Amino acid sequence: LDKVPRTVVPGYKERIPSLLVMMKRELEKGGGRNQEGIFRLAPNTEDCSMTKNEMNNGEFEGVDDVNVIANLIKVSISA
């Protein structure tokens, strides 16, 4: 984790992993802040796996289900 690209985010002393910054932006773009139960709903496992692989390979272009992003944020933080 120490070797992942990080981004300066105003208000934080430490740099934040760039992938988390991107996922937060995608969550907001998809209206996740206004969706009830956003971090409680379980999205399709295949969609999560495919999106994770796209992110790992630098091929991510977005998702239709904002719950996929919420789930990946939740999983990455608890890892």
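Me: How far apart are the mean positions of the positive and negative charges of the chain?
Reply: In this predicted model, Lys and Arg count as positive and Asp and Glu as negative, while His and the chain ends are not counted. Each charge is placed at NZ of Lys, CZ of Arg, CG of Asp or CD of Glu. For the 11 positive and 12 negative charges of the chain, the distance between the two mean positions is 11 Å.

Me: In what order do the elements of the chain run from the N terminus on?
Reply: Residues are numbered from 1 along each chain as its sequence is written, and side-chain values use heavy atoms, without hydrogens and water. Because the model is predicted, local features need pLDDT of at least 70 and side-chain atom pairs pLDDT 80 or more, whereas totals for chains, interfaces and linings use all residues. Helices (H or I, at least four residues) and strands (E, at least two) are DSSP runs, numbered from the N terminus, and the chain has 3 helices and 2 strands. From the N terminus on, their order is β-β-α-α-α.

Me: What radius of gyration does the chain have?
Reply: The radius is taken over C-alpha atoms, and the globule rule is 2.2 Å times the number of residues to the power 0.38. For 79 residues, a compact globule would therefore come near 12 Å, and the value for the chain agrees with this, being 13 Å.

Me: Which residues of H1 are buried?
Reply: The 12 residues of H1 should span 16 Å at 1.5 Å a residue (counting one less than the number of residues), and the distance between its end C-alpha atoms agrees, at 16 Å. Buried means under 20% relative accessible area, exposed over 50%, and partly exposed in between, with a 1.4 Å probe and protein chains only. By this rule the buried residues of H1 are Val21, Met22, Met23, Glu26 and Leu27.

Me: Is Gly30 buried or partly exposed?
Reply: Gly30 sits in the loop between helix H1 (18-29) and helix H2 (45-56), and its C-alpha atom is 16 Å from that of Arg40, 10 residues away in sequence. Because its relative accessibility is 46%, Gly30 counts as partly exposed.

Me: Which residues does Asn71 touch, not counting residues up to four places away in sequence?
Reply: Asn71 belongs to helix H3 (residues 66-78), and it is buried because its relative accessible area is 19%. Contact means heavy atoms within 4.5 Å, and with residues up to four places away in sequence left out, Asn71 touches Pro43 and Cys48.
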